[in-house]
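Subject: Structure for your review

Dear colleague,

Please find below the structure that I am handing over to you. My notes on it follow directly after.

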Amino acid sequence: VRRKFVNSDPLVDVYTDGACSGNPGPGGWAAVIVFGQIEKEISGGEALTTNNRMELMAAIEALKQLNKPCRVRLHSDSAYLINAFTQGWIDSWKRNGWKNSTRQTVSNIDLWQQLDALSAKHKIEWIKVKGHSGHEYNERCDVLAVRETNLRKS
């Protein structure tokens, strides 16, 4: 159930990125959360994963950091993540029992369902940014995600 939002809800900017060495392979995710003058960096990863899973994990873990309903501007260079919300893919998947247009179970369903539940708690504007184009926070997330990937290489 989506809640009604008011303009007094806190406004938070979230920047996310995922990385993977091989696909699948070791991967990392990262987010920078900006609220006023406060910036918080978080990151993590997995030994065997995909780039798409890391992109989703970055958004999930960032939204988990918000302890009350917020207005969120979530910035990502992942068309996979952003388009699911801006182009209505996730609504179609839910209507169709988490099946895609070819009637197959949606890839990464576990993460999409977590992200759907978390996003219902907030009013989120999904913003696609161009990757590796000098955007300060996107570049910072990339550095953190790649670092997490490298920590998991054997």
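Which kind of contact joins the side chains of R73 and D13? In this predicted model, the two side chains form a salt bridge, with an N to O distance of 2.7 Å. The pair joins distant parts of the chain, since R73 lies in strand β4 and D13 in strand β1, 60 residues apart. R73 is partly exposed, with a relative accessibility of 31%, whereas D13 is buried at 11%.

Salt bridges

A search of the whole structure gives six salt bridges. Two others among them are described here.

The side chains of R140 and E41 form one of these, at 2.8 Å from N to O. This bridge also links distant parts of the chain: R140 belongs to helix α5 (residues 136–151) and E41 to strand β3 (residues 38–49), with their positions 99 residues apart in the sequence. R140 is partly exposed, at a relative accessible area of 32%, and E41 is likewise partly exposed, at 42%.

K94 and D116 form another salt bridge through their side chains, with an N to O distance of 3.0 Å. Here the link runs from helix α3, which holds K94, to helix α4, which holds D116, and the two residues are 22 apart along the chain. K94 is partly exposed, with a relative accessible area of 32%, while D116 is buried, with 13%.

As general background, side chains of opposite charge can pair when their charged atoms come close.

Packing of helices α1 and α4

Helix α1 (residues 51–64) packs against helix α4 (residues 109–119) at an angle of about 30°, and the axes are 10 Å apart. Because the angle is under 35 degrees, α1 is roughly parallel to α4. The crossing of α1 past α4 is left-handed.

On the α1 side, the contact is made by R53, L56, M57, A59, I60, L63 and K64. On the α4 side, their partners are D110, L111, W112, Q114, L115, L118 and S119. By class, the residues of this contact comprise nine nonpolar, two polar and three charged.

Surroundings of helix α2

Is helix α2 enclosed or open to the outside? Helix α2 (residues 79–86) is largely enclosed by the rest of the structure, because six of its eight residues are buried. The buried residues are Y80, L81, I82, N83, A84 and F85. The elements that cover them include β1 (11–20), α1, β4 (71–76), α3 (89–95), α4 and β5 (123–128). After α2 comes G88, which has a positive phi, near 80°.

Position of D17

D17 is located in strand β1. With a relative accessible area of 2%, D17 falls under the 20% cut-off and is therefore buried. Which residues are in contact with D17, once its neighbours within four places in sequence are left aside? They are G28, W29, A30, M54, E55, A58, D77, N138, C141, D142 and A145. In addition, the C-alpha atoms of D17 and A59 are separated by 8.2 Å, although these residues are 42 apart along the chain.

To bring the main points together, strand β1 carries both D13, with its salt bridge partner R73 in strand β4, and the buried residue D17. Strand β1 is also among the elements that cover the buried residues of α2.

With kind regards

Technical notes: Residues numbered from 1 in each chain as written. Predicted model: local features only at pLDDT ≥ 70, side-chain atom pairs only at ≥ 80, totals over all residues. Heavy atoms only, no water. Axes fitted to C-alpha atoms, helices over the stretch in contact; angles between N-to-C directions. Helix = DSSP H or I, 4+ residues; strand = E, 2+ residues; numbered from the N terminus. Parallel < 35°, antiparallel > 145°, perpendicular 65-115°, else oblique. Left-handed = near helix turned anticlockwise from the far one by under 90°. Contact = heavy atoms within 4.5 Å. Nonpolar A, V, L, I, M, F, W, Y, C, P; charged D, E, K, R; others polar. Buried < 20%, exposed > 50% of the residue type's maximum accessible area, 1.4 Å probe, protein only. Salt bridge = Lys/Arg side-chain N within 4 Å of Asp/Glu carboxyl O.
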